[in-house]
Amino acid sequence: MKKKNDIKRDLRYLQLLAQSFPTVADASTEIINLQAIQNLPKGTEHFLADLHGEYKAFQHVLKNASGNIKRKMNDIFGNTLREAEKRELCTLIYYPEQKIQLVKAQEEDLNDWYHITIHQLVNVCRNVSSKYTRSKVRKSLPQEFAYIIEELLHESTDDHNKAAYVNVIIDTIISTGRADDFICAIAAVIQRLAIDRLHILGDIYDRGTGAHIILDTLAQYHKWDITWGNHDILWMGAAAGNDACICNVIRLSLRYANMRTLEDGYGISLLPLATWAMEKYDDDPCKGFEPSTSGGADQTDEKTLRLMAQMHKAVSVLQFKIEAEIYERHPEWGMASRVELFRSLLSGNEGKGWLTAEERELIKKLHHSFRVSEKLQSHIRLLLSHGAMYNICNDNLLFHASIPLNEDGTLRNVMDMGCGRELLENIETTIRAAFQADTEREERRAAIDFFLYLWCGPESPLFDKSKMATYERYFLTDRESWHEEKGNYFRLRDNREVVDHILDAFGITGDNRHIINGHVPVHAAEGENPIKADGRLMVIDGGFSQAYHKTTGIAGYTLVYHSRGFELVQHEPFLNVNDAIRRGTDIKSTRQIVEMANHRMLVADTDKGRDLQRQIKDLEHLLYAYRHGYIKEKERK
């Protein structure tokens, strides 16, 4: 009786569903297909955080799937291959074009190498594709080799009747001169299938020299998402036209002697700033504004470093003045104390506004450069389309920094925007309003201003500290004034009860649930553990940026979540690509099993599985409707 009532209630929806599955046979076949998919192993998820422009390490971690490909290699070949041989095969998968050229210069019997190597690569590809349906694998194959790879994946030399068939395919690939192209193609497929989904937990931008290269790489990646970090928000604010964010972006680039993202990546001209700074600070030593070159920036001569220091000081003063103007527009932010602190920068300009006419003209030029940079605007649109303030995936709550909390661990209401999930959703709505052409003028201006609060506001979930003490570090000698008190989240995040309360508030239930975030580097050298709250919370910012390596003692954490559980990977610094290709070196890493499932997780155990189960239920209702005459089957043409 219940099913009959459900059918009557959902009849209009079922009629729409019938357009895709017009017969009992079609609906039954789809149910069989979906039930089968439910029983495939769960796809592997890859978590990275706080990349900070380190594109070389990022691309290498992407290629080796944080060691997941090497783990597969050990599973497949065991002791049948020596460690050196497995290492060479891994390098070939990561960098096929370059490795092939080295092999050609050294290998005496190239045809034999081709034959052995292609067989090995097919074995690896067969293993990494085993989690997916044939249809999904087929869509991942390069068009020119799709038929050949598919045949090799589903035939084996172990089958006596097919051994000759497989060997002839490989022999013909070699004899027709397509071996190099085929190896490159199948290596790309292995990389593609080794990871089902990539999660970035914020902060692509700043410090390192290649944030734009990371985003170019992500634009071509098969499936990824990002929870925005404070540095991403800063660049989004700059792209939206927030002048304080523009000054902060330039200041950070100068601080780390990294102009490549701004100038080479986005074509933003800093000539007006350089001209202004050289004139204004010609006789000023600009002490304290010397750029840091410890973060992997290109080496620069003394004259250039001097100019950078002048530009650094000039844009910093402009930044504080513009911030003061915005704070005065928004008393609800509670940042009046910052305005009073910045008063000394007026330099006799009292009563005339914070900026002089010349300074406003300079800001206007910088503003224009950011707004008309097509590449920057394209990358920000990419962050908007793939990003959010938080994400929930397979019972894991992902966000960049924090959830604002009261002292007792309860969720904090921030500026009447709500708390917890409601707060993050309201913030995201405000962010998106800044980029919508149909947003009311005043609402849009307020939304653009709000990027500054998200960057450095004391209750911003992307910052969550008492203040950003940039001004104090530049202009005050009292080191106590430099202290930034972290918010309650960071004080309480090792408390399982608090973490469970946050998870409850986001509607995440069950025993196998976690918070995964980054933002604050884990000081592994001092013994800090990235696994907190009895395994409920994982912090995977271990210092990807070279600027952090000395203080953290490592080069970042990444997290892999496969069908058997979680593995945390602790990385040492990546040397260079040439070393990886020539010597077969990889990022040195230590794997730590965080949590293993008591059974191999299947698609049925995931969000996708729950969605498939809903689809199956709908199709079962459609079958009932067909068989009881509520909907008529359509005749096949």
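# Group meeting talk: a walk through the model

Strand 10 and strand 11 make a hairpin, with two residues between them. Let me start there, and please keep in mind that this is a predicted model. Strand 10 covers residues 557–562, and its pairing with strand 11 is antiparallel, over six bridges. If you want a spot to click on, take Leu559, which stands opposite Leu568 in strand 11. How many of the seven residues of strand 11 are buried? Six of the seven, so strand 11, residues 565–571, is largely enclosed by the rest of the structure. As general background, side chains in a regular strand alternate between the two faces of the sheet.

Before we leave strand 10, have a look at Tyr561. The charged end of Lys42 sits over the ring of Tyr561, 3.9 Å from its centre. There is another arrangement of this kind to show you: the charged end of Lys280 sits over the ring of Tyr281, at 5.9 Å from the ring centre.

Lys280 brings us to helix 17, which runs over residues 271–280. Which residues of helix 17 are buried? Leu273, Ala274, Trp276 and Ala277 are. They lie on the same side of helix 17, because they cover an arc of only 165° around the axis. The general rule is handy here: an α-helix has 3.6 residues a turn, so residues three or four places apart point the same way. On the face turned away from the buried side of helix 17, you find the exposed residues Leu271 and Glu279. And what covers the buried residues? The cover includes helix 15 (243–255), helix 18 (302–329) and helix 20 (357–371).

Helix 5, residues 68–77, can be read in a similar way. Here the buried residues are Asn68, Ile69, Lys72, Met73 and Phe77. Their arc around the axis is only 150°, which puts them on the same side of helix 5. Right after helix 5 comes Gly78, with a positive phi near 50°.

Now to the inside of the protein. In soluble globular proteins, nonpolar side chains tend to be buried together. In this model the largest nonpolar core has 180 residues, and those with the most contacts inside it are Ile204, Tyr205, Ile250, Ile431 and Ile502. Helix 18 gives the most to this core, with twelve residues. Let's zoom in on Ile431. Leaving aside neighbours within four places in sequence, Ile431 is in contact with Trp228, Ile233, Met236, Leu384, Met389, Phe451 and Leu454. There is also a second, separate core of 20 residues, and its members include Ala27, Val603, Leu619 and Leu623.

Next, the aromatics. Searching the whole structure gives 23 aromatic pairs. One of them is Phe399 with Tyr489, an edge-to-face pair at 5.8 Å centre to centre, with 65° between the planes. Where in the chain do the two partners sit? Phe399 is in the loop between strand 6 (396–398) and helix 22 (420–433), while Tyr489 is in helix 25 (residues 488–492), so to speak a link between distant parts of the chain, 90 residues apart. Are these two buried or exposed? Phe399 is buried, with a relative accessible area of 2%, and Tyr489 is buried too, at 1%. There is an aromatic cluster to look up as well: Phe289, Phe320, Tyr327, Trp333, Phe342, Phe450, Tyr453, Tyr471, Tyr474 and Phe475 form one cluster.

I'll finish with three individual residues. Lys486 is in the loop between helix 24 (470–475) and helix 25. With 43% relative accessibility, Lys486 counts as partly exposed. Beyond four places in sequence, Lys486 has contacts with Asp464, Lys465 and Val520. Its C-alpha atom is separated by 31 Å from that of Lys56, 430 residues away along the chain.

Leu110 belongs to helix 8, residues 110–128, and is partly exposed, with a relative accessible area of 23%. From C-alpha to C-alpha, Leu110 and Ile174 are 9.8 Å apart in space, and 64 residues apart in sequence. Setting aside neighbours within four places in sequence, Leu110 is in contact with Val103 and Lys104.

Last comes Glu150, in helix 10 (residues 146–153). Why does Glu150 count as buried? Because its relative accessible area is 17%, and the cut-off for buried is under 20%. Not counting residues up to four places away in sequence, Glu150 touches Arg138 and Leu141. Thanks for listening!

Methods
Residues numbered from 1 in each chain as written. Predicted model: local features only at pLDDT ≥ 70, side-chain atom pairs only at ≥ 80, totals over all residues. Heavy atoms only, no water. Phe/Tyr/Trp six-rings, centres within 6.5 Å; stacked < 30°, edge-to-face > 60°. Helix = DSSP H or I, 4+ residues; strand = E, 2+ residues; numbered from the N terminus. Buried < 20%, exposed > 50% of the residue type's maximum accessible area, 1.4 Å probe, protein only. Lys NZ or Arg CZ within 6 Å of the ring centre and 35° of its normal. Contact = heavy atoms within 4.5 Å. Arc of directions from axis to C-beta. Core = buried A, V, L, I, M, F, W, Y, C linked by side-chain atoms within 4.5 Å. Pairing = 2+ DSSP bridges.
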